[in-house]
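Colleague: Could you take me through one helix of this model at close range, residue by residue? Then add how a pair of other helices is packed.

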Amino acid sequence: MLGFPAALSSAGGIRLSVSGLTKRCPKTMSFSRHYLPSSTCFSTLSSPGDSSAAKPWLLAGLGNPGKIYQGTRHNVGFDMIDTIAEAEGISVAKIHCKALLGKGCIGDVPVILAKPQTFMNLSGESVGLLVSYFKIPLNQVLLMYDDLDLPFAKLRLLPKGGHGGQNGMRSVINHLKGSRNFPRLRIGIGRPPGRMDPAVFVLKPFTKKEREEMDFTLQRGVEAVRILLLHGFNRSASFVNAPQPSELLN
């Protein structure tokens with residue numbers, strides 16, 4: 001899948017969305033109690049450099065920053081993070097490692113929610129920094145992003161794999177030293193109609209009917225993430241990847 005052209009990331013007012021971001025993560029990062037709705041699950045967490053401490057999950061949704069891209073197909077990764085944040089009462093409002101970040105818990109599992117602000121094609125710059133800063137094992141890094149090759153509003157959870165032509169994922173893999181061994185939740189946006197350029201299609205907003213269907217899918221995504229963190233990958237994959245009743249009728 002085509003990502004957002006990197007050359008356009010500095011055009012007009014768009015640059016302001018990322019102008020305050022630094023090349024390195026700050027040495028310290030603090031979250032107030034407001035960002036920890038269930039702070040007891042963070043009681044075992046120590047500083048990012050403490051290898052003996054329990055590590056949080058990093059849940060990263062890919063997309064493009066800026067109001068003009070809100071509600072577009074390419075931003076369903078951001079939408080997935082927003083849906084999780086709302087369901088779990090986590091505020092995603094801090095800038096850190098070139099991402100909008102929120103910190104909280106799902107059940108008793110500590111999580112970091114991230115929306116890279118680098119634009120899609122450079123998503124790996126942020127994800128790589130976050131993984132390095134928090135020393136998160138790759139099997140606890142879940143990437144969520146749009147997929148042209150999946151039918152609209154279908155989810156697919158995989159334990160590892162390639163980028164599938166998705167430039168944001170290509171960037172993430174490159175910045176994780178080529179490793180593909182991390183789980184990902186693919187969110188189907190379907191193929192463009194007729195001869196429409198995929199690069200144009202992914203930046204188009206949903207119709208009202210599509211938005212309703214996608215919102216339902218995102219709620220399923222929240223449940224899939226809960227199952228993944230609390231009951232393991234296999235159980236979550238069975239929930240996500242099993243055919244839905246409507247598919248069985250086709």
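**A close look at H3**

Modeller: Met169 sits in helix H3, which spans residues 167-175. Keep in mind that the model is predicted. Met169 has a relative accessible area of 0%. The cut-off for buried is under 20%, so Met169 counts as buried. What does Met169 touch, leaving aside residues up to four places away in sequence? The list is Leu62, Leu143, Tyr145, His163, Phe182 and Arg184. Met144 can be placed by distance: its C-alpha atom is 9.4 Å from that of Met169, with the two positions 25 residues apart along the chain.

Ser171 also belongs to H3. Its relative accessible area is 6%, so Ser171 is buried. The side chain of Ser171 reaches the backbone oxygen of Asn121 at 3.5 Å. Asn121 is also one of the residues that Ser171 touches, again not counting residues up to four places away in sequence. The others are Leu122, Ser123, Gly124 and Glu125.

Now the helix pair. H1 covers residues 76-88 and H5 covers residues 208-231. Their axes come within 9 Å and cross at roughly 60°. H1 and H5 are therefore oblique to each other. The crossing is right-handed. From H1, the contact uses Val76, Asp79, Met80, Thr83, Ile84, Ala87 and Glu88. From H5, it uses Arg211, Met214, Leu218, Gln219, Gly221, Val222, Val225 and Arg226. By class, the contact of H1 with H5 holds eight nonpolar, three polar and four charged residues.

Methods: Residues are numbered from 1 along each chain as its sequence is written. This is a predicted model: local features need pLDDT of at least 70, side-chain atom pairs count only at pLDDT 80 or more; totals for chains, interfaces and linings use all residues. Side-chain values use heavy atoms; hydrogens and water are left out. Axes are lines fitted to C-alpha atoms, for helices over the stretch in contact, and angles run from 0 to 180 degrees between N-to-C directions. Helices (H or I, at least four residues) and strands (E, at least two) are DSSP runs, numbered from the N terminus. Angles under 35 degrees count as roughly parallel, over 145 as roughly antiparallel, 65 to 115 as roughly perpendicular and the rest as oblique. A crossing is left-handed if the near helix is turned anticlockwise from the far one by less than a right angle, and right-handed if clockwise. Contact means heavy atoms within 4.5 Å. Ala, Val, Leu, Ile, Met, Phe, Trp, Tyr, Cys and Pro count as nonpolar, Asp, Glu, Lys and Arg as charged, and the others, Gly among them, as polar. Buried means under 20% relative accessible area, exposed over 50%, partly exposed in between (1.4 Å probe, protein chains only). A polar contact is a pair of N or O atoms within 3.5 Å; within protein, one must be able to donate a hydrogen and the other to accept it, and residues adjacent in sequence count only if both atoms are side-chain atoms.
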